[in-house]
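Here is a friendly round of questions on how the labels in a structure description are earned. Each answer sets a value beside its rule and draws the conclusion.

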Amino acid sequence: MKNLDKILKVVGEKINKNSFINQTLTLFVFIGLASGCTETIELELETAAKRLVVDGNVTNEQKMHFLRLSESVSFFSDSASPTVSGAQVLISDGINVERLSEAQDIPGIYYTSENFGGVPGRTYSLSVSNVDIDEDGEMEEYTSHAPLPDVSAPDSITMEFDEGWNVWKILLYARENPETEDYYMFRLFKNGTLISNTISEYSVVSDKFFDEGNANGIWVQSIDAGQESGEFEEGDVITLQMCGITEEYFDFVQAVQQENRGQYPLFSGPPANVPGNISNGALGFFSAFSVSYVSLLYHEGEDYSEK
Amino acid sequence: MIYFRNIHVFFLCCFFSLTSRADGNVPPGNTVNGYVKDARNGEMLVGATVAIKGTGQGTVTNVYGFFSLDLPVGENVLQFGFLGYNTFELEVNNSRRVTIELQPKTQTIAEVVVKGEGNEGSSRFPLLGLEKMESSSISNIPVLMGETDPMKAIQMLPGVSATSEGSSNFTVRGGNPDQNLLLMDEAIVYNAGHLLGFFSVFNNDAIKNIQLYKGDFPASEGGRLSSVLDVRTRDGNMKYFEGSAGIGLISSRLNLEGPISKDKASFLVSGRRTYLDLFLPLAEDEEIRNNKLYFYDANVKINWIAGDKDRFFLSGYMGRDLFKDELAQLDFGNNTFTFRWNHVFSPSLFSNFSFVRSGYDYFLGTSEKDIEDMEWVSEFNDYMFGADFSWFITPEHTLRYGLRSIYHRIDPGVVSGMDENSLFQEVDLPRNNSLEHGIYFSHTAELSPWMILRMGLRYSVFQNIGPGKSFVFDEYYEVTDTVEYSKGNVYNTYVGLEPRAGISIFFNPRLSGKMSYSRTRQYIQLASNSTSSTPLDVWFPSSPNIKPQIADQVSLGFFKTSRNGVFEHSLEVFNKWMQNTIDFKDHPNLILNETLEGEVRAGTSWARGFEIMTRWNTIRFKGWLGYTFLKSERVAPEINEGRPFLSPYDHTHDFSLFMNYRLSTRVSVSGNWVYYTGAPVTMPVGRYEVDGEFIPLYSERNAERMPDYHRLDLSMTIDGKRGGQWVFSIYNVYGRKNPWAINFVNEDGEPYNIKAEKTYLFSIVPSISYTLEF
């Protein structure tokens, strides 16, 4: 069962590409039988009562940490989610309590002090109060608890170009503890800028992915060669961030990715709400994870073809 | 194995006591038995009526064309009839065996027969929700791309609809598609789709007739909650050699049949293959040129009349689909093999013994062989033995009893790398073995000329046998323990009684009423929460964690004929309760998951509604109009926060209209129109943003609906003078863009401009096919 996730990923991507459906339909279109097409339709949807949305995390890096509070909106709303100001936001690790301040110029963004950092092994508790989302005149309180797992530093990464998929594949060499059940998230930076910048571009795996705790060049992240970030120059630095995450956050990321993949009756079941970890009916996620980094330098003359 | 042994003992006791009584206790009067055949090709006629003239008493032939009838003392005249055939009368004054050959009225009329329940003999059989169709009437229904398909034909019947646009898969009374038992010559077909389900594996050229039981099953059938589709293949012409060849837009077909020994043995070979991939090399795009996409299938049947008492049948099916492009390859298919022996023990005791093997397997792999490539194979095999006895004790009393045992062997999946240095370690989900037995007994009693009673009882047994693995789950569905079982160890057994009962009352010769109750149990199900069929099926059985699904259904119906039998009207009301029905948690992992059972969230379901149907049948003009009202709901404690939700197949209103009009002896036109309420779906009712990504907030499960579905199809059939036949058809004549899927997209990269977008598969689809008979 070591690499089930890997297989599922490969199969999932094939299914995502809908290559079989496309091929069948291509054949039908080829002979002029199907006009399988898409078309915009008017759809009247109900709107659910608005709810608080929490988006924030604690990592083991000492830095200013941010947390965003907003409200849910109707599905077809043509504007950004309204932010929630004036809340009291506290993060506690059971020993110290950090009080977050709201940014003056960006309402809804709350920040910690610059020397705030999490410690692996501790559990971080979030408390949000002094907000009235349902506008009933009574203040509500929301809480969340997130344990901060540890992560081991990766040894190295390599990069390969895959013609079939037209992607740059990032391959990881690392070791981890095979005794424990661990979950990882991978994100990419190019020259210090995060390029996996939405949840759909995060890559999450369980350690079943590792062979007895060893990763010997496994494919963990990709850069689309068709995008701007897929064009490299001499000296570009590609950095892989490896995060130790909880199973709960792993499930959350997977669910978001599944929901935003598109619904086709051949392969999808009924859509479902993404599971969060905030109390009192609030949406979103408060996560805690530890991070480590490994980089490589791009050289123009080097052979990046598949080995 | 104790249960298994007990059943054999019980069964053998029943068998000997009944057979000895059948032999030794001949009632007074004469017994006539035998077969009713088509005079033209010797094909057995199923459901032909045998009536004692002037008494209103009689019987119908069984699925092998056999009947047995006890006559009152003295001289009697027997009338043999079958819709579209000339009636035949025979004077009988002693016990004898007969073989009756009925002449088709005229060949052209015989081809457009739509056989109804109103056929006098069959309406006397107290089974509700039974629909029959002859292959000749199936071929009159206009279909997608002109590919005649029995599964598409039954979707036109009340209570039955397609699971999604263009699919040959169907749902009965709001049930899941895996609750339909699909039988081809008694072999269970586990995946009936070709080309992603747009066409079915049933080749109409090889089919004699189909029967669909919508929940009120005879005691001999079991194992599924919603329906039994019994497909019987033709035996092959006993009189002379004949064949047909056809070509359509999708496939070309060839059917050959004829006597091996005249009136003694015959064969039938029927095959299809799509041929469009032959044109792929002409494509401009190089990627398309190397693609592969085709399916083929073949039916073979041999039957031999070994004497007055014995008849043997050997039939097989083999089909395969293949898709291949530069990235991946997928192929899958069914194969079945059936051996049957009909033996007439005595004039009033008919028996059938069957040995059946059926299998389904698929392969998914990457096209090239390098270290990242892998292949995934999965296989499902069934071995079945069945014995079935019909004892025609007196004209008023018929007993049917027997046994069926199936060994299921499921290999859910083996995934392995194709290269020595593969990055993949092998994933091998353990093989799953189980046994499913049913013994059954049913008694049909004509209590008076106006009342027939049917009482049946089925005792089903399901056993998981080792080698196997069973998981113990805690309340959070986390595995807390794994138990391994050794080979042959029966580690779990479920048993249950399945009573079936029905009563028919004849108010007058034109009006009858029927009422029935049935309980069914289902021990094997599909791990799928999608409304479309995919080739990557995973069937999983009941086990210590998964209880058998149970359904109880009561129905009440009225049947009326008018205008001397031209019109048949029926009204049927049903109510169905189901326990332990299978559903899955949100975002389940159903693929290659060894602990799949941890994803199941069982609940209860119910369905209620009524079906109205009017059929008419004159020489020139025939058709039917059906309407179904349905409400089908489910509830499971851990789904939708425990609140009831609609079945994804809850089509509140469902109309279907079929008409066939004969313009001349050579030209006929057909049309059908279907309409149903859009399927319940889960839709977003809000949106929120986390880490730069929009996340939809959903309604309760299946709380919204897709737009209503409707479509009109037309076809014209022209019989050529020299035995050829042209069929022109148009699918979706007015080009309704019925949505297959609804997705939400950002327009022009504007993050806050979200639009709903529907994907539709087929607008107007014209097609043409030609069949040559020789």
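Q: Which residue of β50(B) does B:G246 stand opposite?
A: In this predicted model, B:G246 stands opposite B:T771 in β50(B).

Q: What makes β17(B) and β50(B) a strand pair?
A: Two strands pair if there are at least two bridges between them. β17(B) and β50(B), the latter spanning residues 765–773, have four bridges and run antiparallel, so they pass the rule.

Q: What makes β17(B) and β18(B) a pair, and how many residues lie between them?
A: Six bridges join β17 (residues 242–247) and β18 (residues 251–261) of chain B in the antiparallel sense, and the rule asks for at least two. One of the contacts sets B:A245 against its bridge partner B:L254. With three residues between them, the two strands form a hairpin.

Q: Why do β8 and β12 of chain B count as edge strands?
A: The open sheet has the order β8-β15-β16-β11-β12 in chain B, with mixed pairing. β8 (130–134) and β12 (187–188) each have a single partner strand, so one side of each is left without a neighbour in the sheet. For β8(B), five bridges lead to β15(B), residues 207–213, and the two run antiparallel; B:L130 there stands opposite B:Y213.

Q: Why is the pair A:Y249 and A:F252 called stacked?
A: The centres are 5.9 Å apart and the planes differ by 20°. Centres within 6.5 Å make a pair and planes under 30 degrees apart count as stacked, so the label follows. Both residues are buried and lie in helix α3 of chain A, three residues apart, about one turn of the helix.

Q: Why is the pair B:Y627 and B:F655 called tilted instead?
A: Here the centres are 4.8 Å apart, with 45° between the planes. That angle is neither under 30 nor over 60 degrees, so the pair is tilted. B:Y627 lies in β38(B) and B:F655 in β40(B), so the pair ties together parts that are 28 residues apart in sequence.

Q: How do you know whether B:Y627 and B:F655 are buried or partly exposed?
A: Buried means under 20% relative accessible area. B:Y627, at 15%, therefore counts as buried, while B:F655, at 33%, falls between 20% and 50% and counts as partly exposed.

Q: How do you know that the charged end of B:K514 sits over a ring?
A: The charged end of B:K514 is 4.7 Å from the centre of the B:F559 ring, and the distance limit is 6 Å. B:R615 likewise sits over the ring of B:W624, at 5.4 Å from its centre.

Conventions
Residues are numbered from 1 along each chain as its sequence is written. Chains are lettered from A and ligands numbered from 1 in the order in which they are written. This is a predicted model: local features need pLDDT of at least 70, side-chain atom pairs count only at pLDDT 80 or more; totals for chains, interfaces and linings use all residues. Side-chain values use heavy atoms; hydrogens and water are left out. Rings of Phe, Tyr and Trp (its six-membered ring) pair if their centres lie within 6.5 Å; planes under 30 degrees apart count as stacked, over 60 as edge-to-face and the rest as tilted. Buried means under 20% relative accessible area, exposed over 50%, partly exposed in between (1.4 Å probe, protein chains only). A charge sits over a ring if NZ of Lys or CZ of Arg is within 6 Å of the ring centre and within 35 degrees of the ring normal.
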